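Ready for a few exercises? Have a look at what follows, try each task yourself, and then read the solution.

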Amino acid sequence: MHASPLTIRDLSVAYQKKPVLQGVTFTVPEGKLIGIVGPNGAGKSTLIKAALGLIPRLSGDVSIYGKPYAAQRKLVGYVPQRESVDWDFPTNALDVVTMGRYGHLGWFKRPGSAERKIAMECLAKVGMEAYADRQISQLSGGQQQRIFLARALAQDAKLYFMDEPFVGVDAATEKAIVTLLNELKKQGKTVLVVHHDLATVKEYFDWVMLLNVNLIEFGPTEMTFTADNLQRTYGGRLTMLDRDTSSTLIMNGR
Amino acid sequence: MSTFWIILTGALVASTCGIVGCFLVLRKMAMIGDAISHSVLPGIVIAFLISGSRDSLFMLLGAAVIGLITVFLIQLFHQSGVQSDASIGVVFTALFAVGVILVSMYTRNIDLDLDCVLYGEIAYVPWNTIEIGGVDIGPKAVWGIGLALLLCVILITAFYKQFKICSFDPAMAAAVGIPVALFHYLLMGLVSVSTVASFESVGAILVVGMLVVPPATAYLLTERLSRMILISIVLGCASSVIGYYLARMLDASIAGSMICVAGGLFLLALLFSPTHGVIFRKIQQKRLLA
């Protein structure tokens, strides 16, 4: 049997005593763009970090293409939240993208011209090749996000996790990211994206995961992204202006 | 000859501290050297109680052990969610206080404080030499700090990419399988070894200063980590040379003069750096308005 890109069984995570994720179980189909949606504090980023082993989990087990994560690191690409790093760090765009190759280099090998060539190609894919020598603090928020995406591309993975890549970016970057996501999908790669903007979910993603501590619903977008399910995910904090199509959503309490 | 040894010692301290200091400045943990300079007090008291002597080897061992405990505790607290500055503050004040209690309980009648036991004076370096088989092979400080420098250079060049990515983006580093915690502790271990090795010969102010000032200056002058480390070494060595002659001219403290020169260089960089400099930025802003 062909192993799924990502299978998570009964995953629970708690910070201090409060559960952030509880009994989450799902299997991700290959070659889909998957949006992870839910209110603040629903555990969306936590789900990604727990899957990658960055934070300890209380219970549950994660398998990537049928094996534990530690054995499959090279198949996984990760785009952390943009604010998670210090952009005043003395380095340039090309150098950050080259970091995507470090996982393939092992303990002692240094990044050389081959790695820089791959990094340059990845920069070109996000339309940033002109900025290769630019110090990273001099880039705009959208450009910084594209650098992070290019770095994930340089990891040359089959399964990608992206933590809020659309937050605080300009329209041009948003378009570039969407193009890139579809490009990845065409190559048969699987992408999980933590997403905030409910208005664009239907447009961007094939599958959607509705999450609020528990897994509410997970399936193809047209079947899953319904007014009823959203109401169950967001509770009373969601107002739907147009009940028939649920195309216009307003979130309260944010 | 003594001029040579003093300047060499200053340059070795500057290079060792410059290398590890760059990573500390980037991780916003620059004051860790200052923390170690205080927290080693219980180490030397315990070493005295066990050995019963004020022999510098035992003191150094005690200080080294507590130095490592200090940096490990700081790292541990930081990783469990305490802000790095708070974590540094909590650990060193608590350990220093333990040292004060130990002194007041057991060693009240003996002159046992950091100044007289642990902190050396760089001016005396040339006279404290070691002999092997009757042959004088140079000052102890040069060998001790030289070994610490060698260790830093070997480890940081071998694992440069790991140290870099762990400082810039630890989450990413962990995701690609780099043992982030191991490299954090390794760096902290290097900091502890180099500071404690240097305290004994050259005193606290020179070590703490060289750990922070040249890296902070280099940070203003470049936008590449590798160059930041090189510039920080060069500035540190220059401060040692200029500082030594300044001290001779003024007949003043050598370590003090070296750090004053480093501070002066920092001020120059702050004003005139082409990218971060205050003056250059003002001119650019004026130009934008015009």
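**Exercise 1.** Leaving aside neighbours within four places in sequence, find which residues A:Glu115 is in contact with, and decide whether A:Glu115 is buried or exposed.

*Solution.* Keep in mind that this is a predicted model.
- Step 1: with the neighbours within four places in sequence left out, A:Glu115 is in contact with A:Thr98, A:Arg101, A:Leu105, A:Lys109 and A:Arg110.
- Step 2: place the residue. A:Glu115 sits in helix α4 of chain A, residues 113-125.
- Step 3: check the accessibility. Buried means under 20% relative accessible area, and A:Glu115 has 11%, so it counts as buried.
- Step 4: look at its side chain. A polar atom there lies 2.9 Å from the backbone nitrogen of A:Gly112.

**Exercise 2.** Work out how the length of helix α5 of chain B fits what is expected at 1.5 Å a residue, and list its buried residues.

*Solution.*
- Step 1: helix α5 of chain B runs over residues 84-106, which is 23 residues.
- Step 2: from first C-alpha to last, this helix reaches 33 Å, close to the 33 Å expected.
- Step 3: the buried residues of α5(B) are B:Ser84, B:Ser87, B:Ile88, B:Val91, B:Phe92, B:Leu95, B:Gly99 and B:Leu102.
- Step 4: here's a handy rule for reading such a list. An α-helix has 3.6 residues a turn, so residues three or four places apart point the same way.
- Step 5: zoom in on one of them. B:Ser87 has a relative accessible area of 0%, so it is buried. Leaving aside neighbours within four places in sequence, B:Ser87 is in contact with B:Ile74, B:Phe77, B:His78 and B:Val82.

**Exercise 3.** Describe the interface of chain A and chain B: how much area is buried, and how many salt bridges does the rule find?

*Solution.*
- Step 1: count the residues. Chain A brings 32 residues to the contact and chain B brings 28 residues.
- Step 2: get the area. The two chains bury about 2,500 Å² between them, with 66% of it on carbon and sulfur atoms. On chain A's side, A:Phe89, A:Pro90 and A:Trp107 lose the most area to chain B, together 27% of what that side buries.
- Step 3: look for charges that pair up. The rule finds three salt bridges across the interface. There's also a salt bridge to look up between the side chains of B:Lys164 and A:Asp95, at 2.6 Å from N to O.
- Step 4: add the polar contacts, and you get eleven residue pairs across the interface.
- Step 5: sort the residues on chain A's side. They split into 17 nonpolar, eight polar and seven charged.

Conventions:
Residues numbered from 1 in each chain as written. Chains lettered and ligands numbered in written order. Predicted model: local features only at pLDDT ≥ 70, side-chain atom pairs only at ≥ 80, totals over all residues. Heavy atoms only, no water. Contact = heavy atoms within 4.5 Å. Buried area = accessible area lost by both parts, 1.4 Å probe. Salt bridge = Lys/Arg side-chain N within 4 Å of Asp/Glu carboxyl O. Polar contact = N/O pair within 3.5 Å; in protein donor to acceptor, adjacent residues only side chain to side chain. Nonpolar A, V, L, I, M, F, W, Y, C, P; charged D, E, K, R; others polar. Helix = DSSP H or I, 4+ residues; strand = E, 2+ residues; numbered from the N terminus. Expected span 1.5 Å × (residues − 1). Buried < 20%, exposed > 50% of the residue type's maximum accessible area, 1.4 Å probe, protein only.
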